[in-house]
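I opened my notebook to record what I looked up in this structure. The entries go topic by topic.

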Amino acid sequence: MQTKEIIREIERLKKEKNAIILAHYYARPEVQDIADYIGDSLGLSRQAAETQADVILFCGVHFMAETASIISPDKTILTPTEYAGCSLAEGASAKGLQKWKEKNPDGLVVSYVNTTAEVKAWTDYCCTSSNALKVVESLPKDKKILFGPDRNLGAYIREKTGRDMELWDAACFVHERISTEAILETLELYPDADILIHPESAGAHSQEVLTNERCFMYSTAGILKHARESDKKQFVIATEPEILHFLHKENTGKTFIPIQPENRCFHMKQSGLWEVLEALRLNRYEVKVPADIREKALLSIERMMAIG
């Protein structure tokens with residue numbers, strides 16, 4: 001089948017099955033172009049909760065589809081591939097959280113949304129990079145916090161809040177490569193550019209970066225907002241480079257430079273148009289979180305979405 005035929009068939013199946021396609025900003029450009037909604041983790045979670053569709057096809061990684069299943073248990077949640085994992089989700093364990101809570105019965109677990117359903121079931125508050133700062137600031141100041149699994153995002157939040165936070169030792173393999181040195185080198189190479197940095201980056205909590213007036217820490221949605229509203233014409237983007245597809249579509253006449261063009265999330269790239277078509281045609285790779293885990297995990301997600 002030719003590309004146009006695949007897209008026509010996807011649209012037909014969407015109508016037939018009352019399906020919606022959700023895609024992350026890091027998904028392949030051709031998948032972003034056919035999605036009904038493109039967003040970051042928080043935005044995608046909200047769409048999964050609000051949609052009236054019977055079928056949600058999630059083009060991202062596995063934990064995102066799990067989150068949709070937790071939020072919308074009566075809907076059919078599909079993913080185009082069963083192998084799209086996440087180094088963060090794989091870096092945290094429910095058993096590890098259980099042991100920490102046993103040692104710290106009055107402590108609170110704040111887990112990044114990039115976690116498995118089992119980890120969310122042991123979590124007090126879920127968060128995304130968009131609202132992690134708000135979530136931590138909303139918690140009682142006398143409570144010890146275990147933040148995980150992203151040590152870089154946690155270190156950034158701890159730096160900003162001064163809170164007593166123990167950090168789980170895991171990281172996103174893409175953002176871990178975006179070091180302080182890489183950011184400082186970019187500042188010299190592009191003296192007229194704003195540097196828009198995802199807080200999962202290894203250099204995001206460095207004082208040399210945090211105190212530089214041209215460096216800005218944002219979630220993917222925050223990066224898009226800054227680029228859209230800024231009068232600047234040049235930006236270096238320090239996150240997974242597929243976000244440039246959306247940035248270019250939204251901002252004619254502005255220049256976007258990926259800090260590391262080849263530093264890509266191969267998990268996010270596993271879903272192409274053919275995989276989307278096959279998932280819709282065959283109801284393939286359905287994701288369903290067991291009821292007992294779902295019930296425990298839902299509260300942490302609801303708290304996350306209530307904080308905004």
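The notes below cover rings, cysteines, helix packing and backbone geometry. I kept in mind throughout that this is a predicted model.

**Entry 1. Aromatic pairs**

I began with the rings. How many aromatic pairs does the structure hold? I found four. I noted two of these pairs in detail.

I took Tyr25 and Phe246 to begin with. Their ring centres are 5.3 Å apart and the planes stand at 65°, so I logged the pair as edge-to-face. The cut-off for that label is an angle over 60 degrees. Then I asked where the two partners sit. Tyr25 is in the loop between strand S1 (19-24) and helix H2 (29-34). Phe246 belongs to helix H13 (residues 243-250). The two parts are 221 residues apart in sequence, so the pair ties together distant stretches. I checked burial as well. Tyr25 has a relative accessible area of 8% and is buried. Phe246 comes out at 17%, which also counts as buried.

Next I looked at Phe235 and Phe256. Here the centres are 5.3 Å apart and the planes are at 15°, so this pair is stacked. Stacking needs planes under 30 degrees apart. I placed Phe235 in strand S11 (residues 234-238) and Phe256 in strand S12 (residues 255-258). The two residues are 21 residues apart, and the pair links distant parts of the chain. Both Phe235 and Phe256 are buried.

**Entry 2. A charge over a ring**

I then looked for a charge over a ring. Arg303 lies over the face of Tyr125. I noted 4.8 Å from the ring centre.

**Entry 3. Cysteines**

How many disulfides does a search of the whole structure find? I got zero. I followed up on two cysteines.

Cys126 is in no disulfide. Its nearest cysteine sulfur belongs to Cys127 and is 6.5 Å away. A disulfide needs the sulfur atoms within 2.5 Å. Cys126 is buried, with a relative accessible area of 0%.

Why is Cys215 without a bond to Cys172? The closest cysteine sulfur to that of Cys215 is the one in Cys172, and at 19 Å it is too far for a bond. Cys215 is buried as well, at 10% relative accessible area.

**Entry 4. Helices H3 and H4**

I turned to helix packing. I checked helix H3 (residues 41-50) against helix H4 (residues 62-71). The axes come within 9 Å and cross at roughly 35°. I recorded the crossing as right-handed. From H3, the contact uses Ser41, Leu44, Ser45, Ala48 and Ala49. From H4, Phe63, Met64, Thr67, Ala68 and Ile71 take part. The spacing made me recall a rule. An α-helix has 3.6 residues a turn, so residues three or four places apart point the same way.

**Entry 5. Helix H14 and what it packs against**

Which residues of helix H14 (residues 273-282) are buried? My list reads Leu273, Val276, Leu277, Glu278, Ala279 and Leu280. These buried residues pack against helix H1 (3-17), S1, H2, strand S3 (55-59) and strand S4 (76-78).

**Entry 6. The loop after H14**

I followed the chain onward. H14 is followed by Asn283, which is in the loop between H14 and H15. Its phi is near 50°, a positive value in a residue other than glycine. Asn283 is partly exposed, at 40% relative accessibility. Leaving aside neighbours within four places in sequence, I found Asn283 in contact with Lys17, Leu78 and Glu278. I also took a C-alpha distance: Asn283 and Val55 are separated by 9.2 Å, though 228 residues apart along the chain.

Tyr285 is in the loop between H14 and H15. Tyr285 has a positive phi too, about 60°, and is not a glycine. Its relative accessible area is 25%, which makes it partly exposed. I set a reminder beside these entries. Most residues other than glycine have a negative phi, and most peptide bonds are trans.

**Entry 7. A peptide bond**

Is the peptide bond from Gly148 to Pro149 cis or trans? I read cis, with omega near 0°. Pro149 is in the loop between strand S7 (145-148) and helix H9 (151-161).

**Entry 8. Leu299**

I closed with helix H15 (residues 291-307), where Leu299 lies. Leu299 is partly exposed, at 42% relative accessibility. Its C-alpha is 9.9 Å from that of Ile70, and the two are 229 residues apart along the chain.

Key. Residues numbered from 1 in each chain as written. Predicted model: local features only at pLDDT ≥ 70, side-chain atom pairs only at ≥ 80, totals over all residues. Heavy atoms only, no water. Phe/Tyr/Trp six-rings, centres within 6.5 Å; stacked < 30°, edge-to-face > 60°. Helix = DSSP H or I, 4+ residues; strand = E, 2+ residues; numbered from the N terminus. Buried < 20%, exposed > 50% of the residue type's maximum accessible area, 1.4 Å probe, protein only. Lys NZ or Arg CZ within 6 Å of the ring centre and 35° of its normal. Axes fitted to C-alpha atoms, helices over the stretch in contact; angles between N-to-C directions. Left-handed = near helix turned anticlockwise from the far one by under 90°. Contact = heavy atoms within 4.5 Å.
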